[in-house]
Amino acid sequence: MIDIQHHDHHDAATLRPLLLDIYAEVYKDVQDDPFASVDRFAQGLDGWSSRPGWSCVIGYDQGEAVGYAYGAPLPQGAAWWRGLITTVPSGLVEETGERTYALSELMVRLPWRGTSAAKALHDALLASRPEERATLLVEQNHPKVRALYEAWGWHKLGDLRPRMEGAPLFDAMLLPLGS
Ligand SMILES: CC(C)(COP(=O)(O)OP(=O)(O)OC[C@H]1O[C@@H](n2cnc3c(N)ncnc32)[C@H](O)[C@@H]1OP(=O)(O)O)[C@@H](O)C(=O)NCCC(=O)NCCS
């Protein structure tokens, strides 16, 4: 059982060093991948955490941070869907600014893997969200992670490759909220 703290963008500057330290530890084995570098992640974190709707949960086990999750609502005309390769009815990817919460990151330090910590962070981040649904992207070469999300109720909308040079292929996932 972990303690979970909730934060918003007001806390972003204070949390930044902790979030980067945990990222560097969790992703230490893939630091030869430029997409996974700590600097690149820091840029992404700064972008996400400067959004007014950004929210973040951090889990603690006897005072020690074990992992975190964060995200923010998609704005109107969100760039998020621009890399969607699968053709879907256009209404499915229309954003109003209040429709969809994007789960950007979820990570747990190794000693707390395979416990309920990841699910607890996921559930805490999404509990009480006012949006009708959540979305996330999972790399297609991580089928076990996708299976985990499916076990948590997510389903695949389609294939998505972000419009950045060298970007990998992702499964774009959706989860209905609030039911
Ligand atoms: C995703 C995560 C939070 C899930 O934690 P968890 O519920 O405790 O589940 P586990 O860590 O046991 O992972 C489930 C399976 O997915 C695999 N997996 C997890 N992250 C992976 C990754 N980044 N790449 C490839 N496989 C991964 C695990 O090896 C495990 O496989 P196994 O069942 O054969 O042991 C945690 O694995 C994690 O922090 N991973 C690294 C960061 C990450 O990939 N986040 C998700 C981005 S969409």
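Q: Why does glycine 91 count as exposed?
A: Glycine 91 has 6 C-beta neighbours inside 10 Å. A residue is exposed if 12 or fewer other C-beta atoms lie within 10 Å of its own, buried if there are 20 or more, and partly exposed in between, with C-beta atoms placed from the backbone. Glycine 91 therefore counts as exposed. It is found in the loop between β3 and β4, and its C-alpha lies 34 Å from that of valine 108, 17 residues away in sequence.

Q: What kind of model is this, and how are its residues numbered?
A: This is a predicted model, in which local features need pLDDT of at least 70 and side-chain atom pairs count only at pLDDT 80 or more, while totals for chains, interfaces and linings use all residues. Residues are numbered from 1 along each chain as its sequence is written.

Q: What makes leucine 45 a buried residue?
A: Leucine 45 has 22 C-beta neighbours inside 10 Å, so it counts as buried. This residue is found in helix α2 (residues 38-49). Leaving aside neighbours within four places in sequence, leucine 45 is in contact with Arg16 and Leu19; a contact requires the C-beta atoms of two residues, placed from the backbone, to lie within 7 Å. From leucine 45 to isoleucine 22 it is 13 Å, C-alpha to C-alpha, with their positions 23 residues apart in sequence.

Q: How many helices and strands does the chain have, and in what order do they come?
A: The chain has 4 helices and 7 strands. Starting from the N terminus, they follow the pattern β-α-α-β-β-β-α-β-α-β-β. These elements are DSSP runs numbered from the N terminus: H or I of at least four residues for a helix, E of at least two for a strand.

Q: How do you know that the chain agrees with a compact globule?
A: For 179 residues, a compact globule would have a radius of gyration near 16 Å, and the chain has 16 Å, so the two agree. The radius is taken over C-alpha atoms, and the globule rule is 2.2 Å times the number of residues to the power 0.38. Along the principal axes, the C-alpha trace spans about 45 × 40 × 30 Å. Buried residues make up 26% of the 179. Among contacts with a separation of 6 or more, 67% join residues 24 or more positions apart.

Q: What makes β1 (3-8) and β6 (155-160) edge strands?
A: The 7 strands form an open sheet with mixed pairing, in the order β1-β2-β3-β4-β5-β7-β6. Each of β1 and β6 has a single partner strand, so one side of each is left without a neighbour in the sheet. Two strands pair if DSSP finds at least two bridges between them. For β1 and β2 there are 6 bridges, running antiparallel, and histidine 7 has cysteine 56 in β2 as its bridge partner. For β6 and β7 (residues 170-176) there are 5 bridges, again in the antiparallel sense; here lysine 156 stands opposite methionine 173 in β7.

Q: Why is β2 described as largely enclosed?
A: 5 of the 7 residues of β2 are buried, so the strand is largely enclosed by the rest of the structure. β2 is also joined to β3 by 7 antiparallel bridges, and serine 55 has glycine 71 in β3 as its bridge partner.

Q: What is unusual about the phi of glutamine 62?
A: Most residues other than glycine have a negative phi. Glutamine 62 has a positive phi near 50°. This residue lies in the loop between β2 (55-61) and β3 (64-73), in a hairpin with 2 residues between the strands. With 7 other C-beta atoms within 10 Å, glutamine 62 is exposed.

Q: Where is serine 128, and is it buried or exposed?
A: Serine 128 is in the loop between α3 (117-126) and β5 (133-139). With 9 C-beta neighbours inside 10 Å, it counts as exposed. Its phi is positive too, about 65°, although serine 128 is not a glycine.

Q: Which residues surround the ligand?
A: The shell includes Val26, Leu106, Arg113, His142 and Lys144. A residue is near a molecule or strand if its C-beta atom, placed from the backbone, lies within 6 Å of it. Elements giving two or more residues to this shell are β4 (100-108) and α4 (143-151).

Q: How do the residues of the shell around the ligand divide?
A: There are 8 nonpolar, 2 polar and 2 charged residues. Ala, Val, Leu, Ile, Met, Phe, Trp, Tyr, Cys and Pro count as nonpolar, Asp, Glu, Lys and Arg as charged, and the others, Gly among them, as polar.
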